[in-house]
Amino acid sequence: MTEGTEESTDERTSSIARGMTTKEAGRVQHNLQTAKRSHSEDKALLSKYKDKVPQTALDSVAITTSEHLEHISKSKKLNDYQKRSMQKRVQYRRKDKVIQARVKVHKTKRYQAAISAADAHLILNTQSAGLVEAEHDMERTTSLSQHELKHHHLDQQTSRQIYDLTLPHSPYGLKYDRSGRYSLLYGQRGHLAIMDATHLQLHRELHIQERIRDVSFLHNYTMMAVAQTNHVYIYDDQGTEIHKLNDMNDPFAIDFLPYHWLLTCVGRSGHLKYLDTSTGQLVSTHNTKLAGHNVLRQNPSNAVMHLGHANGTVSLWSPASSQFLAKLHCHKGAAVTSMAIDLSGNYMVTGGADRQVHIWDIRKFRKTHSYFTPAGVPQSLDLSQRNVMGIGHATHATFWSPEALLRKVKDPYMHHSVHGCGAVETLRFRPFEDVCGLGHGKGVSSIVIPGSGEPNLDTTEANLDPNQDKKQRREAEVRALLDKLQPNMITMDPADIGGVEDSSPEIRQQRLESLEATANAKNDARKKKQKSKKRGRSKIQTKLRRKSQNIIDHQIVKQREQKEEVEKKAKEEARQSSGESKPKSATPALQRFF
Amino acid sequence: MGKRKSHEVTKEVVDRQPKIVEHVSDGDDEEISEDEAFNSEDERMYGHLFCRDNEGEETDSSDDAEEEDGSDDGQYMLELLNKLGNSARSEESKSSSHKGKLTLDNLMKGLNDTQGYNELRGSLKKEERAISAPIDKKHADREQRNLAYTEQVKNLSGWTTVIQGNRQAETLDFKPKTRVEASKDSLVIAFEPRSEFENDLQDALEQAGQEDEHAILQKEERALQDDLGSNRLSMDEYKERRSQLAQIRALMFYHEQKRHQIKKIKSKKYRRIRKKQRQRQQDSMLEAAMQVDGNLANEMKQKEEISRIQERMTLAHKNTSKWAKRILKRGKNIDIESRKALSAQLKRGDDLRRRIIDNDDQNASDGASDEEDLLKSTQGILADVKSNDVSGSEMNGLFKLSFMQKGIQKQRDLAKEEARKLLTELNSHTMDEVKYSNADTNVNTSGKRKFASSLEMKKHLARGELMAKSREFGVSNSLDSTGPINVLHDYELGLEESSSRKGNELILGITKENSGKGCVDKKHVDNPWTGSVEYKGTASSNKVDKDRKSSRLNMNQTVLNLDAVADIFDATKTAERASSKTETSEMSQSRKIARLNQDELVQRAFATTAMEEVTSKFEQEIEATDGQKSKADGDPKASSGWGSWAGVGAPPLLQAKGDRKTVKLQKGSNPHGKRSANGKHDVIINKKRLKKASDVFMLGEVPHPFSSREEYEQVMLGGIGREWNVASAYRNMTRPEILTRSGKSIRPISKSAKVKRAAAKF
């Protein structure tokens, strides 16, 4: 087996070729929220997927005033005078020289920046990523065990990352901070530990005499939120309880939005709550009207919260709207058990109680394909920075290559099972490392999945550097606070922020309607059978006859064979009689010349 | 002094006139005394003298050639003043004692016994003349303002590039361009001893033999030259060189003397002659250059034209200039020279304008009569040339010289050639006319006639063709009535003259075709054109059939028809259009067309239209039914007439108040409007507007300087922060508009400021 050294160039290089900066392109894979990104980038991304995204969605983005005018002139009932004036307005739309110049200058600057970024990319991003590849057909990458990896293939530093921790307060879960330096282990029966994942040292350990449902680091490892039996508590890295959040009661799942400094929580009652951790105020509370078991994940590209419900639906939420932004019926008649969204915000993976794992294209709101988990219900799901998909089902953890998101792949990339340790409760990839952490019934185990992590660090981003010292951490904290985004900025399309609104509600509604319609349209057009409407075809008699024609039994097979033989013989005879001169020595290619 | 006096004089004269209220301002004492010295009486007597003087000067300045007469007067005045000075000095004591006032009369008394006194007196006693009022102050001011304005504009326009550059620049850099570099050398060079100690030190160094840089350099140079011996000269060389120089100097001196003599010549006639000579020389040179260089000729023509235009615009030669006005102000007292100059100017203006008028006349005049005249004149030229060829013996004097004869011959040849060309062209036009006016009979003959001049015709093909075309169109109308095909005749009546060119040509083609064949059989049964038309008539629809019975075809259809037929012509269209077709070529073409059989022709002509017709009709039907249905289905308010004011200029139908909230979607705008086949929605998208986000973080309209959304979005595109950019790019993107260096003065704007290089383009 060899490790593929080639960089998977699909998105990155193509985006560079399109004039985006490498930084921007790299950002797609990095842990970045597009809300912070300038919206235009997304437009570039959108244009990249022009053929995949429904045209109407794109139109909505690039709808222009002139188009709008034309649209109005077409749609509304106008009299002659109004039509003429509308035409004139379209025709003589002022093309300002100054603006043109400005646009040109900006464009030039952008391209120059892209070029310099590409140059910098060569210097800064020295590491390249790759996946394990099979050398021949008989080999399977899935058969590569962690034991083999640890003892035969990996360097010492990396092989240290393969370990098992047997802990008493099981079942266990774990989460990493954004830099991937620290991991937070939580035993559901009240054990909490911060671990330095790089040095494999215990940073702090504390025992809470309560059930822990979920945990989350806040902006950095020094603070963490813990969803306990009744409330959410905030602790610092020394284990001191800082806050008790009375607003967030009966919490089931929590998550933190780093760019908005928002702690989100969904509880037993099905209320989704946003709390600003910098001010401590509850920003908004939304009633999902779906109580009970809930799954909560954030879309890293636009900070929209995705909530998986017990009725098989996934709803999308923003603090700006009291209603859901969108609702997808993912699993028919089965609860959503796990969910993950990739960094670009293009793909969502949902696991349901029906043992299905669905891949969704969120841009189109369409399910592209799905996988089946044979071992059990997919309890946990995660997508790595480089889009390796990890599924924890029963005692198994199956990993799929990044291609699995784009199209249906036959075989998984890697596989790991935790025999005798109970089900895999949580599965999380460690940022900037090829490591995946599994929390299960007997503790925590860490495994190495080659090619899962982003190889190059992003030092420009606050709180993303795993090697930062105390001072850097403090500065980054301040910087992140200064760059904090308003909660109401969270929208489905981050491009909306700072953009021009659709001038008429009709257009906006039309756009959304068409988006919805295309999403709801049946996936495969071929499946739609055209009814033949010829006279007499729909008679029950003829239908039955046709049906009977299709039945193939052994008699019919026999008859067919006989017929074929007869035909063959006849052909041969004809050939012999017509052209005896055909020499048998001639090759079949030459025989047509005789 | 004379000038000043004359000025005073005019002022006084003005004073006496009733209209002007301006009084002489009292300046210093000296001026007063002068005023007194030259009182009104004196002025009456001698004023014109000074006036005339002034005039002379004026004319001098205007005309360079006439310097001498001004200088004459000057000399005279000088003498006069000298004498005046003498006498004044002698009489000063007397006059001051018994009269107290010094007037010109008193001064003149002393001149009684001098030689030219009487003459002078006579000239001084010349009758005075009225001087017209100066130009209105308002107008004068206006002129002045205009002038000042133009001058100012000229001055300011020099700034445009700088200003524009600054305006367009993204950042203005006011930092001093040159940094003061304090190197060791620069400090040493700039050192000047100031303090006592420094001075002492300097002295001491100088005493020790220190020299400044320049002195050392000179020393070195001297040493170098001496070493090579380059500044040593032999005696012979020296002498030779000296003689050379002397020669040159002598020559120069001689030349200078000669120039001086010529300059001294004061004869106006001589000047005039010289001027004319110069002019002629220039003209001839120009002409020669023009003959060689076509571009130059063009240029000259253009220049001439421009000068004409300018003349027309400015009327510069119509006594509008300041100079002319000032002269004219003097009325009939203008002296001959200036009068001549004026008239010359006027003549020049007239010349310029007349030429224009002539040109216009030429352009305006056209038509047969002019053409005939031209024809005659060209024929005349040809004949003349021929006759001149024979009569060579009549020449005399200068023209007997061989080179002159050659030149004449050459010119004549040229003229001949030109005339012949013109003649052929004219002939061809007339022939065309003849041909088309009676096409049936004259086709053959005209063809033959054309062959005779075809060689020459080729030369002027482009122009000739164009003419022919125009003729073609002109004549086609006349054919309407005589054309043998009545169906087509019908069409043509329907067609207007202004119908498309293609159509016209086509008709012409058809008529021509038939004019060729119509002689043979007039029933044109085998004619593909009529056949096709008939076929179409029957095949297209029943309606058309019915119409045919009334022997009227729809105008539109015919046009369509003709267009379709035109396509068939396409291959040979150019030949057809040229109209200089001979019988044979026409025959060949008709054969070509005949090769296509009836069905093919019909197919080619109507296949596309028929298909389109069917499909479009079908669509229309669907639309119509849909429209009816929707109207029937919808609420009664939606149908026309309900709550709407019908008629021209009516406002668009307003939505009912209740309906406004639920925005109705346009029908057919949504391709997937229907629900999915299984009737289930898997996706619900909230269509409510995010008030909190849109109100605060989105713009309702495209912000001011941008006219469209694309522009705005393009400018907003791309991140400018540190996170997305390299340091240099970040700096570049966030550079402030104005850059200054603290503690350094901002230099004022200057015309020579360097315009910043534009950013690289991609």
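The legends below describe close-up views of a predicted model with chains A and B. Residues are numbered from 1 along each chain as its sequence is written, and chains are lettered from A, with ligands numbered from 1, in the order in which they are written. Because the model is predicted, local features need pLDDT of at least 70 and side-chain atom pairs count only at pLDDT 80 or more, while totals for chains, interfaces and linings use all residues.

**View 1. Chain A as a whole.**
Chain A has 14 helices and 30 strands; helices (H or I, at least four residues) and strands (E, at least two) are DSSP runs, numbered from the N terminus. Of its 594 residues, 44% are buried. A residue is buried if 20 or more other C-beta atoms lie within 10 Å of its own, exposed if 12 or fewer, and partly exposed in between, with C-beta atoms placed from the backbone. Among contacts in chain A between residues at least 6 apart in sequence, 50% join residues at least 24 apart; two residues are in contact if their C-beta atoms, placed from the backbone, lie within 7 Å. The mean pLDDT of chain A is 83, and 82% of its residues reach 70 or more, pLDDT being the predictor's confidence in each residue, from 0 to 100.

**View 2. Low-confidence stretches of chain A.**
Residues 1-43 of chain A have pLDDT under 50 throughout, and the model gives them 112 contacts beyond four places in sequence. Residues 45-64 of chain A are also below 50, with 30 contacts beyond near neighbours in sequence. Where pLDDT is low, the predicted coordinates should not be read in detail.

**View 3. The annotated WD repeat of chain A.**
An unreviewed UniProt entry annotates residues 336-370 of chain A as "repeat: WD". UniProt positions are given in the numbering used here, feature names are shortened, and annotations may be inferred rather than shown by experiment. In the model, residues 336-370 of chain A are 0% helix and 66% strand, and the C-alpha atoms at the two ends are 14 Å apart.

**View 4. A cis peptide bond and two positive phi angles in loops of chain A.**
Most residues other than glycine have a negative phi, and most peptide bonds are trans. The peptide bond between S170(A) and P171(A) is cis, with omega about -5°. P171(A) sits in the loop between β3 (163-166) and β4 (172-176) of chain A. L200(A), which is not a glycine, has a positive phi of about 55°; its place is the loop between β6 (191-196) and β7 (201-207) of chain A. L200(A) is exposed because it has 12 other C-beta atoms within 10 Å. A303(A), also a residue other than glycine, has a positive phi near 65° and belongs to the loop between β16 (295-298) and β17 (305-308) of chain A. A303(A) has 26 C-beta neighbours inside 10 Å and therefore counts as buried.

**View 5. Packing of a helix of chain A on a helix of chain B.**
Helix α7 (residues 97-124) of chain A packs on helix α31 (residues 709-716) of chain B at an angle of about 35°, with the axes 8 Å apart. Axes are lines fitted to C-alpha atoms, for helices over the stretch in contact, and angles run from 0 to 180 degrees between N-to-C directions. From α7(A), the contact uses I99(A), R102(A), V103(A), H106(A) and K107(A), and from α31(B) it uses E711(B), Q714(B) and V715(B). These residues of the α7(A) and α31(B) contact comprise 3 nonpolar, 2 polar and 3 charged. The model scores ipTM 0.73 and pTM 0.49.

**View 6. Chain B and its confidence.**
Chain B contains 32 helices and 3 strands, and 11% of its 762 residues are buried. Its mean pLDDT is 65, with 45% of the residues scoring at least 70. Among the elements of chain B, helix α21 (residues 461-482) has the lowest mean pLDDT (39) and helix α12 (residues 235-264) the highest (93). In residues 658-679 of chain B the pLDDT stays under 50, and the model has 24 contacts for them beyond four places in sequence.

**View 7. The surroundings of K744(B).**
K744(B) lies in the segment after β3 (738-739) of chain B. K744(B) is exposed, because 10 other C-beta atoms lie within 10 Å. Leaving aside neighbours within four places in sequence, K744(B) contacts K175(B) and P176(B). K744(B) and K175(B) are 569 residues apart in sequence, and their C-alpha atoms are 7.3 Å apart.

Key. Nonpolar A, V, L, I, M, F, W, Y, C, P; charged D, E, K, R; others polar.
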